[in-house]
Amino acid sequence: MRIVSFGGPGGEQPGVLVDDHTILPLAPVLAPLGLPGTDTTHLLALWPTVRPLVAAALHDTRHHIARANVRLGPPVPRPGKVIAVGFNYPMHSDAVLGHQTAPTEPVLFLKPPGSVCGPYDPLIKPPETTALDYELELAVVIGRAGRRIAPADALAHVAGHMIANDVTARDVALGAGLHSPLQMQLVRGKGFPSFCATGPWLLMRDEHDERPDSEPLNLRLSVNGQARQDGWSSDMLFDVPALIASISNTMDLLPGDVILTGTPSGCGFELDPPAYLVEGDEIRGSITGLGELRQRVTDEDTALYGTTATTTRTLP
């Protein structure tokens with residue numbers, strides 16, 4: 001099944017795609033049974049119980065709504081944690097660090113949950129950066145809590161998979177530069193609002209929807225129609241079970257947590273000359289079986305005030 005969220009920012013509720021054009025809202029299906037139907041995180045925790053009820057209601061058209069009539073938000077609007085993995089594709093790692101010994105453990109950092117936005121929401125370019133960059137990634141969503149999870153058991157803790165764009169303001173993230181690693185600013189450079197678009201849907205690990213676990217997935221991203229990234233999930237240095245096992249050795253994994261598994265080569269900083277994102281650019285990112293994410297870059301000033309003027313203003 002494909003889980004979506006729909007509604008205005010901050011007020012999204014979960015639904016299921018009946019087909020590519022129709023959504024079944026889950027609140028009216030689950031509320032009569034005393035089950036929470038308005039919070040995706042609770043839904044994921046209860047999914048083994050809820051799934052048969054949802055499947056039985058899919059063809060009840062009384063509650064169907066047209067996908068085209070609503071905004072799709074991030075499939076998990078309020079994740080507890082967004083855990084990102086760095087340098088998990090060797091070619092991308094080499095572009096950043098040069099040819100170095102591969103890490104023996106996944107390199108981790110966190111993105112603020114407030115950086116999450118929907119699959120078609122604008123990418124807001126803050127004034128602090130002139131080096132805005134994209135990173136298309138396979139995102140894994142946790143459905144079952146665990147700590148110190150064995151690799152062989154890891155996939156049983158996965159609710160599903162979705163697309164993510166791990167946006168980076170590279171000039172902000174580097175801080176004083178690679179020669180001063182203690183002054184790097186990854187949280188700042190990757191934590192602005194809209195810097196983690198996800199969706200359009202979360203493909204659940206149901207018995208007929210296990211493709212992300214069973215075969216390589218193709219990750220593709222273009223900017224203004226120009227192909228930039230084209231990689232395969234099989235190129236990851238650490239696969240999904242290894243990532244879950246390693247991360248859970250350090251922290252609890254809880255339903256609704258999101259893991260970004262790294263990006264293939266082809267980011268803007270890797271091009272010669274570098275090609276960073278500017279206002280008006282259109283990003284399209286797709287992963288096999290997970291749909292397509294589309295964003296247009298909008299300067300923060302334009303997004304807030306509807307103007308390209310750069311004078312300072314106070315928010316109302």
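Let's start with an open sheet of five strands, in a model that is predicted. The strand order is β9-β20-β19-β16-β17. The pairing is mixed. Which strands stand at the edges? They are β9, residues 123-125, and β17, residues 226-232. Each has a single partner strand, so one side of each is left without a neighbour in the sheet. How are neighbouring strands turned against each other? The average is 20 degrees, direction ignored.

Look inside that sheet. Strand β16 covers residues 218-223, and strand β19 covers residues 282-287. The two run antiparallel, joined by five bridges. Take one of the residues involved. Arg220 has Ser286 in β19 as its bridge partner.

Now go back to the edge strand β17. Find Arg228 there. This arginine is buried, yet has no salt bridge. Why no salt bridge? A salt bridge needs a side-chain nitrogen of Lys or Arg within 4 Å of a carboxyl oxygen of Asp or Glu. The nearest side chain of opposite charge is Asp133, and Asp133 is 6.1 Å away, so the cut-off is not met. Arg228 does have a polar contact, side chain to side chain, with Gln226, at 3.1 Å. What else does Arg228 touch, beyond residues up to four places away in sequence? The list is Tyr134, Leu221, Ser222, Val223, Ser265, Gly266, Leu271 and Ala275.

Next stop, strand β6. This strand spans residues 82-86. How many of its five residues are buried? Five of the five, so β6 is largely enclosed by the rest of the structure. Here is a general point to keep in mind. In a regular strand, side chains alternate between the two faces of the sheet. Now apply that idea to β6. Val82, Ala84 and Gly86 are on one side. Ile83 and Val85 are on the other. Both faces are covered.

What does β6 pair with? One partner is strand β7, residues 107-111. That pairing is antiparallel, over five bridges. Within it, Val82 has Lys111 as its bridge partner. Another partner is strand β18, residues 258-260. Here the strands run parallel, with three bridges. Ile83 stands opposite Ile259 in β18.

Stay in this region and find helix α8, residues 240-250. Eight of its 11 residues are buried, so α8 is largely enclosed by the rest of the structure. Which ones are buried? They are Val240, Pro241, Leu243, Ile244, Ala245, Ser246, Ile247 and Ser248. What do these buried residues pack against? The answer is five strands: β6, β7, β11 (136-142), β12 (158-166) and β18. So we meet β6 again, from the helix side. Look also at the start of the helix. There, a side-chain oxygen of Asp239 reaches to within 3.0 Å of the backbone nitrogen of Ala242.

Now two single residues. The first is Leu202, in strand β15, residues 202-204. Is Leu202 buried or exposed? Buried, with a relative accessible area of 0%. Leu202 and Ser5 are 197 residues apart along the chain. Yet their C-alpha atoms are separated by 9.4 Å. Leaving aside neighbours within four places in sequence, the contacts of Leu202 include Met1, Arg2 and Ile3. They also include Leu44, Pro75, Val76, Val141, Gly160, His161 and Met162.

The second is Arg71. This arginine is in the loop between β4 (65-66) and β5 (72-73). Arg71 is partly exposed, with a relative accessible area of 23%. Which acidic side chains does it contact? Its side chain makes a polar contact with the side chain of Glu12, at 2.9 Å. It makes another with the side chain of Asp121, at 2.7 Å. Arg71 and Asp121 are 50 residues apart in sequence, and 8.9 Å apart in space, C-alpha to C-alpha. Beyond residues up to four places away in sequence, Arg71 also touches Ser5, Phe6, Gly7, Gly8, Pro9 and Gly118, among others.

Finally, step back to the whole protein. The secondary structure comes to nine helices and 20 strands. Of the 316 residues, 50% are buried. Now take the contacts with a separation of 6 or more. Of these, 74% are between residues 24 or more positions apart.

Key
Residues are numbered from 1 along each chain as its sequence is written. This is a predicted model: local features need pLDDT of at least 70, side-chain atom pairs count only at pLDDT 80 or more; totals for chains, interfaces and linings use all residues. Side-chain values use heavy atoms; hydrogens and water are left out. Two strands pair if DSSP finds at least two bridges between them. Helices (H or I, at least four residues) and strands (E, at least two) are DSSP runs, numbered from the N terminus. Axes are lines fitted to C-alpha atoms, for helices over the stretch in contact, and angles run from 0 to 180 degrees between N-to-C directions. Buried means under 20% relative accessible area, exposed over 50%, partly exposed in between (1.4 Å probe, protein chains only). Lys and Arg count as positive and Asp and Glu as negative; His and the chain ends are not counted. A polar contact is a pair of N or O atoms within 3.5 Å; within protein, one must be able to donate a hydrogen and the other to accept it, and residues adjacent in sequence count only if both atoms are side-chain atoms. Contact means heavy atoms within 4.5 Å.
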